[in-house]
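Trainee: Got a minute to go through this one with me? I'd like the overall picture, then a closer look at one residue.
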Amino acid sequence: MQSWFKNWFNSPYYHQLYFNRDETEAAAFINKLISYLKPPPDAYMLDVACGKGRHSLQLADKGFDVTGIDLSEDSIKEALQYESEKLHFFQHDMRLPFRINYYDYAFNFFTSFGYFQTQRENDNAIRTIAQSLKPAGTFVMDYLNVHYAEDHMVHRSEKEVDGVNFIITKWHDETHFYKKIMIEDEALQEPIVHTEKVSKFSIGDFTEMFAYQGLQIKEVFGDYNFANYSINKSPRLIMIAQKIVKK
């Protein structure tokens, strides 16, 4: 069965719909994160599911050596125009190993996880990240906060971007959030429909998945300003974990 994200993330309509993601907010978050982590200037960083590389770019601008990986061929094609001596991009599936004991920091931003069908695939993705880190390396994951997302769900909305109409319907069940996007475009013979599906992972789920791969959560924040995490009030679940050094 073809995974929903493989087609959707490679679709020009995906980029059209999400094009206006807040660059200022992204930049402010990266600044905040770097001043919190205080990485050494020669740190090696991995941006997992980097998309077109907006976070990777900001990290590389600060002088770090950054590698971005993403499953979407089109996103990587676009990101490659920014490649430099310290900024590298590869089309790669995060479920498969990518460099071992190589990076000081790994990042997974903007709920770029929880898409897979099976727990085994989730574990494989976390394993890839854990293995890519040097011992005592740091992993930062930025995920949605389940209770907040349930309470603040807008069930139906419409958005027009450059003459293309997006009709968005959201719902959830016990295990997943769903977002159905119907695309109406004069250029199409009939509307296209894509449905996003994201797992409802709690901090307990992540603690377990991380521990299984030798990662330990050290700190948790609830938004991009690094406020304390509250299970009901925080829009985000931002976890900072460390790779356990085996004695």
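Mentor: Sure. Keep in mind that this is a predicted model. The protein chain has eight helices and 11 strands.

Trainee: How does the radius of gyration of the protein chain sit with a compact globule?

Mentor: It agrees. A compact globule of 247 residues would come out near 18 Å, and the protein chain has 18 Å. Along the principal axes, its C-alpha atoms fill a box of roughly 60 × 40 × 35 Å.

Trainee: What share of the residues count as buried?

Mentor: 51% of the 247. The exposed surface of the protein chain is about 12700 Å², and carbon and sulfur atoms supply 50% of that.

Trainee: And contacts? What percentage comes from residues 24 or more positions apart?

Mentor: 62%, counting contacts with a separation of 6 or more.

Trainee: Switching to charges. How many positive and negative ones are there?

Mentor: 27 positive and 34 negative. Their mean positions are 7 Å apart.

Trainee: Now Arg236. Which strand is it in?

Mentor: Strand β11, which covers residues 236-243.

Trainee: Is Arg236 buried or exposed?

Mentor: Buried. Its relative accessible area is 14%, and the cut-off for buried is under 20%, so Arg236 qualifies.

Trainee: Which side chain does Arg236 join in a polar contact?

Mentor: Thr111. The side chains of Arg236 and Thr111 meet at 2.8 Å.

Trainee: What else is Arg236 in contact with, leaving aside neighbours within four places in sequence?

Mentor: Phe110, Asp142, Tyr143, Leu144 and Asn145 are among them. The list also includes Phe221, Gly222, Asp223, Tyr224 and Tyr229.

How values were computed
Residues numbered from 1 in each chain as written. Predicted model: local features only at pLDDT ≥ 70, side-chain atom pairs only at ≥ 80, totals over all residues. Heavy atoms only, no water. Helix = DSSP H or I, 4+ residues; strand = E, 2+ residues; numbered from the N terminus. Rg over C-alpha atoms; globule rule 2.2 N^0.38 Å. Buried < 20%, exposed > 50% of the residue type's maximum accessible area, 1.4 Å probe, protein only. Contact = heavy atoms within 4.5 Å. Areas by Shrake-Rupley, 256 points an atom, 1.4 Å probe, with all protein chains shown as cover. Lys, Arg positive; Asp, Glu negative; His and termini not counted. Charge placed at Lys NZ, Arg CZ, Asp CG, Glu CD. Polar contact = N/O pair within 3.5 Å; in protein donor to acceptor, adjacent residues only side chain to side chain.
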